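Colleague: I am new to this structure and would be grateful for a guided discussion. May we begin once it is displayed?

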Amino acid sequence: MNIHTAINTISEKGFLDIDIDATTDLFAEIERLKKEKNAIVLAHYYQEPDIQDVADYIGDSLGLAQKAAQTNADMIVFAGVHFMAETAKILNPSKKVLLPDLKAGCSLADSAPGPQFKAFKDKHPGHLVVSYINCTAEIKALSDIICTSGNAEKIIESIPEDQPIIFAPDKNLGAYLNKKTGRDMLLWNGACMVHEIFSLEKITKLKIRHPKAKLLAHPECEEPILRIADYIGSTTQLLKFAVKDDSREYIVATETGILHQMQKDAPNKTFIPAPPNNSCACNDCPHMKLNTLEKLYLCMEYELPEITMEENLRLAAKKPIDRMLEISKAAGLIG
Ligand code: SF4
């Protein structure tokens, strides 16, 4: 497909559908484009290994938001899903923010449509709205503070105890936080399709086969999985724990992309993906995995697809993110 036809079909396909010569060294080309365009590639831990290896920074939502807020690059290439690239644009209105595939969405963000959430909020006046960063710009604009799984506990603890709170959109993370902080937050009924399908039965069998393996779980997992976990934390916290801890074997209940960094940072340890309740042996996020090295290269070369946003929405969505960054800084969670 030629470039003009490819541009015309972006909204339908989500990416630039252009054939790449099979002899192209994509790693070298991406490095060249980074220099030529003063571009930075930010990648989430759930991206495929090749993308992680070419990224300037790999992190979870909190780290990526902070990096996006600090960068001097003219162009931010966001290898993650749509709400993450949107967050980068909210923080960097004058920079070009690119997403290799616009259809890289998120089931959790989709579970909180703006109009329905606004009606829910209006039904509960006097509540402060804390939203997990995995939500659309529209939901961010309706929120008072944003949080990530890495800072959620500190954010909730920074709010006076008698202040009623709505927590959105992840009911599993919300329930975990209610338990941890002793609050009774009102929970929006959303969930992540990746973290809610881990099989308790299969994990229990795996633990019997690997009695020394510790179970590491992300708080987006359902309560029965969290109950049997040896350690619960954000993706970055799980990675740090796996490196520092003195066990040799781990069962990892989060998206399998993180195993690449775990294996790199702790090469002598064994990491086993926790099985879901379907016929697969591991749990990949289909949205995250829509990005490929080829799409990353094409979006840098042609500077498309680009994330754009109406200014009033951007300003309203920025306020609760700034609040999160302030609280995280005061709590010593970020530099
Ligand atoms: S893993 Fe879950 S929360 Fe993360 S992008 Fe995929 S669907 Fe969304």
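Colleague: How many C-beta neighbours does Glu303 have inside 10 Å, and is Glu303 buried, partly exposed or exposed?
Modeller: The model is a predicted one. A residue is buried at 20 or more such neighbours and exposed at 12 or fewer. Because the count for Glu303 is 16, Glu303 is classed as partly exposed.

Colleague: What is the phi of Glu303, and in which loop does Glu303 lie?
Modeller: Most residues other than glycine have a negative phi. For Glu303 phi is positive, near 55 degrees. As for its place, Glu303 belongs to the loop between α16 and α17.

Colleague: Which residue is joined to Leu304 by a cis peptide bond?
Modeller: Most peptide bonds are trans. Here omega is about -5 degrees, and the bond is cis. The partner is found in the loop between α16 (293-302) and α17 (311-330); the residue joined to Leu304 is Pro305.

Colleague: Is Asn38 buried or exposed?
Modeller: Asn38 sits in the loop between α3 (26-37) and β1 (39-44), and its phi is positive, near 45 degrees. A residue with 12 or fewer other C-beta atoms within 10 Å is counted as exposed. Since Asn38 has 12, Asn38 is exposed.

Colleague: Between which two domains does the ligand lie?
Modeller: The ligand is surrounded by 13 residues, with Cys106, Leu108, Cys192, Val194 and Cys285 the closest. By class, this shell comprises nine nonpolar, three polar and one charged residues. Both domains contribute to the shell, so the ligand lies between domain 1 (3-105 + 287-304) and domain 2 (108-192 + 315-330).

Colleague: In the open sheet β10-β9-β11-β12, which strands stand at the edges?
Modeller: The four strands are ordered β10-β9-β11-β12, with parallel pairing. An edge strand here has a single partner, so one of its sides is left without a neighbour in the sheet; the edge strands are β10 (231-232) and β12 (270-273).

Colleague: Which helix packs on this sheet, and what angle does its direction make with that of β11?
Modeller: Strand β11 (residues 249-253) pairs with β12 over four bridges in the parallel sense, and Ile251 has Ile272 as its bridge partner in β12. The helix touches β9 (214-217), β11 and β12; it is α12 (residues 200-209), and the angle is about 175 degrees.

Colleague: How many residues of strand β5 are buried?
Modeller: β5 (residues 128-132) is mostly covered. Strand β7 (residues 165-168) pairs with β5 over four parallel bridges, while strand β6 (residues 145-147) pairs with β5 over three parallel bridges. Of the five residues in β5, the number buried is four.

Conventions: Residues numbered from 1 in each chain as written. Predicted model: local features only at pLDDT ≥ 70, side-chain atom pairs only at ≥ 80, totals over all residues. Near = placed C-beta within 6 Å. Nonpolar A, V, L, I, M, F, W, Y, C, P; charged D, E, K, R; others polar. Domains from an automatic or database assignment. Pairing = 2+ DSSP bridges. Helix = DSSP H or I, 4+ residues; strand = E, 2+ residues; numbered from the N terminus. Contact = placed C-beta atoms within 7 Å. Axes fitted to C-alpha atoms, helices over the stretch in contact; angles between N-to-C directions.
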